[in-house]
Every structure is written in structure tokens, then in C-alpha cells.
Amino acid sequence: MTRTDNPTLGIGLRILSGVLFTGMVVCVKALSDAAPLGQIVFFRSFFALIPLVIFLMVRHEFPAGLRTTRPVGHLIRSFFGAAAMFTSFASVALLPLAEAVLLAQLAPVLTAIIAVVVLSERLTRWRVMGLAFGVAGVLVLVWPDIGGGVVDARRFLGIGLGLLTALLTAFALIMVRSLTRTESPGAIALYFVVASMAGGILTLPWGWALPDTQTLMLLVLAGFFGGFAHIAMTLSFSYAEASRLAPFEYITLLWPVLADLLIFRLPLATSFVFAMPLVLTGAAIAAFEKRRS
């Protein structure tokens with residue numbers, strides 16, 4: 001779709017996508033004690049599929065735009081993306097939302113480093129600096145637990161899953177970068193959602209919960225929030241350049257912070273306050289280096 005220059009609308013849609021994404025993770029966290037992880041992933045993917053298909057039909061990309069010459073590439077990308085969804089939702093269940101989302105911000109840094117190994121790209125000083133800031137942020141986040149001598153196993157597992165989410169997301173982004181040369185964004189998104197549904201339904205033999213009305217509503221909302229968040233983000237790039245939208249990506253961390261404070265009544269840890277600028281600086285350096293290339 002041809003880009004129409006309307007930066008105000010593009011920025012508004014990018015911010016809206018962050019709010020919708022936060023709505024999704026709020027639902028996921030609220031569901032963490034009411035439904036198994038695989039069930040949450042399935043419902044999130046199934047109900048995200050509905051607005052996504054409608055969106056593709058409006059853009060005349062369904063079903064013609066789903067044709068592909070690289071099914072193996074889609075399979076690999078979808079595997080990494082679906083695995084990242086599982087680890088992300090598990091991390092959200094174990095950590096405050098703000099911390100889980102902050103750890104996911106390491107994905108651009110890890111993508112830049114992985115590209116050096118997988119795609120033989122140059123190891124620039126920007127990538128080294130981005131990684132250094134990201135690692136420093138993680139160390140600051142976990143230092144109170146390490147230095148205090150009392151290890152919270154649940155928190156450490158959540159942080160480990162958050163870091164794994166960033167790593168899996170980075171591999172998925174590397175594959176997306178490769179696929180976008182020949183495949184439509186709609187096809188990449190839809191095959192990922194279908195793969196996530198398949199991953200979720202494979203957990204059915206381990207038992208799903210029979211949802212009550214509130215649980216069912218949250219499961220449905222998680223899917224709709226996720227689907228509309230993707231659409232809003234996609235549309236934002238059709239109205240404004242990526243470089244103009246980049247600074248507003250970091251506003252997305254504000255909404256999980258507010259959700260922790262206002263919805264879940266969780267105070268912000270001092271370590272998070274100091275870790276946040278370090279991790280975001282690392283992510284910003286990685287984004288800056290990408291825009292320069």
C-alpha cells in the first residue's frame with residue numbers, strides 16, 4: 001500500500017498500537033491463574049485472526065496475498081514467533097508487566113548482534129554499545145536479588161523467560177527481514193498467527209480450563225487487543241516514516257507501568273527505575289544504527 005504522508009495520524013496509530021498491546025498483556029496477566037498457558041496462546045491467536053483477516057480483505061490481500069514461494073521460511077519465522085509468545089506470556093505471569101515488557105525491549109539489540117553471526121553483517125561500535133547498555137540494564141534489574149543473597153526463584157524464572165523472549169523475537173525478526181524481500185506483510189502475520197494457534201492447541205491433552213464468563217471475556221479480549229494492535233502498527237507505517245515513528249515506540253513502556261500501578265497495584269521497584277533508561281538506550285542505539293545503514 002502506498003504511503004500517504006500524514007505524520008500526526010501515523011504517530012497516533014503507533015501510540016494506539018502500544019495501548020492496545022498493553023490491553024492484551026493486562027488480559028494475559030489477569031488470566032495467568034485462571035487458564036493454562038497454551039489455552040491463552042490459542043485464544044489470543046484465534047481471536048486476533050478475525051480482525052486480521054478482515055483487514056487483509058479490505059486491503060485486497062486475502063486470499064491472493066497469502067501465496068508464498070517460501071513455505072520453509074514462514075515455518076521457521078512462525079516457530080520462533082510462536083515460541084516467543086509462549087515465553088512472553090509466561091514471563092508476564094511471573095513478573096510485573098513493566099519488567100516483562102522492558103526485557104522484551106532487548107530484542108532490537110539482540111537482532112543486531114545475531115545479524116552479525118547469521119547474516120555476516122559487520123560488528124559495528126553501535127551494536128557493541130547497544131549490547132553493553134542492554135546487559136547493564138539487565139544486571140541492574142537483577143542486582144538487588146543477587147546482592148541481597150536471597151534468590152526469588154519465581155522472579156528469576158520470569159527474568160530468564162523474558163530474556164528468552166527477546167532472543168526468540170530477535171530470531172523471528174531476522175526471518176521477517178529476510179521474508180519481506182519476497183513476501184507480503186499480511187502473509188507473514190497470518191501464517192504466524194495460525195502457527196501460534198497450532199502451538200496452543202497442541203497443549204490441549206495437558207488439560208484446558210472450562211472458562212467462566214469473566215475468563216472467557218478476557219480470553220476473547222486478549223485476542224482482539226492483539227489483532228487490532230498489529231493492524232494499528234501496520235497502518236501507522238503507511239502514514240509516517242519509520243524514522244519519525246521510532247521515538248514513539250518507547251512510549252509503549254509507559255502503559256505497562258501505569259497498568260502495574262493502577263490495575264495490579266504493584267509498586268515500581270527501584271532496580272526497574274534505574275534499569276529502564278539503560279535498556280531503552282541500548283534499544284535506541286540499535287534502532288539508530290539501523291536507520292543509518
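Here is a short chat between a student and a tutor about this predicted model.

Student: How are residues numbered here, and what pLDDT do local features need?
Tutor: Residues count from 1 along each chain as its sequence is written, and side-chain values use heavy atoms, with hydrogens and water left out. As this is a predicted model, totals for chains, interfaces and linings use all residues, side-chain atom pairs count only at pLDDT 80 or more, and local features need pLDDT of at least 70.

Student: Which helix gives the most to the largest nonpolar core?
Tutor: A nonpolar core is a set of buried Ala, Val, Leu, Ile, Met, Phe, Trp, Tyr and Cys residues joined through side-chain atoms within 4.5 Å; buried means under 20% relative accessible area, exposed over 50%, partly exposed in between (1.4 Å probe, protein chains only). The largest one has 52 residues, and I40, F89, L102, L103, L190 and F272 touch the most other members. Helices are DSSP runs (H or I, at least four residues) numbered from the N terminus. With ten residues, the top giver is helix 2 (residues 37-58).

Student: Why is helix 3 called largely enclosed by the rest of the structure?
Tutor: Helix 3 covers residues 71-94, and its end C-alpha atoms are 35 Å apart, which agrees with the 34 Å expected at 1.5 Å a residue. That expected span is 1.5 Å times one less than the number of residues. It's called enclosed because of its buried share: 17 of the 24 residues.

Student: Which residues does T22 touch, leaving out those up to four places away in sequence?
Tutor: T22 sits in helix 1, and it's buried because its relative accessibility is 6%. Contact means heavy atoms within 4.5 Å. By that rule, T22 touches T252, W255, P256 and A259.

Student: How far apart in space are A30 and I263, C-alpha to C-alpha?
Tutor: A30 is also in helix 1 (residues 7-31), and at 40% relative accessibility it counts as partly exposed. Leaving aside neighbours within four places in sequence, A30 is in contact with L218 and F264. A30 and I263 are 233 residues apart in sequence, but in space the gap is 10.0 Å.

Student: What is the relative accessible area of L261?
Tutor: L261 lies in helix 11, which gives four residues to a nonpolar surface patch, the most of any element. Among that patch's members are L254, L261, I263 and F274. L261 counts as partly exposed because its relative accessible area is 35%.

Terms used:
Helices (H or I, at least four residues) and strands (E, at least two) are DSSP runs, numbered from the N terminus. Patches are made of residues with over 30% relative accessible area and no salt bridge: like charges are joined within 9 Å, nonpolar side chains (Val, Leu, Ile, Met, Phe, Trp, Tyr) within 5 Å. Accessible areas come from the Shrake-Rupley method with a 1.4 Å probe; for residues, only the protein chains shown count as cover. A salt bridge is a side-chain nitrogen of Lys or Arg within 4 Å of a carboxyl oxygen of Asp or Glu.
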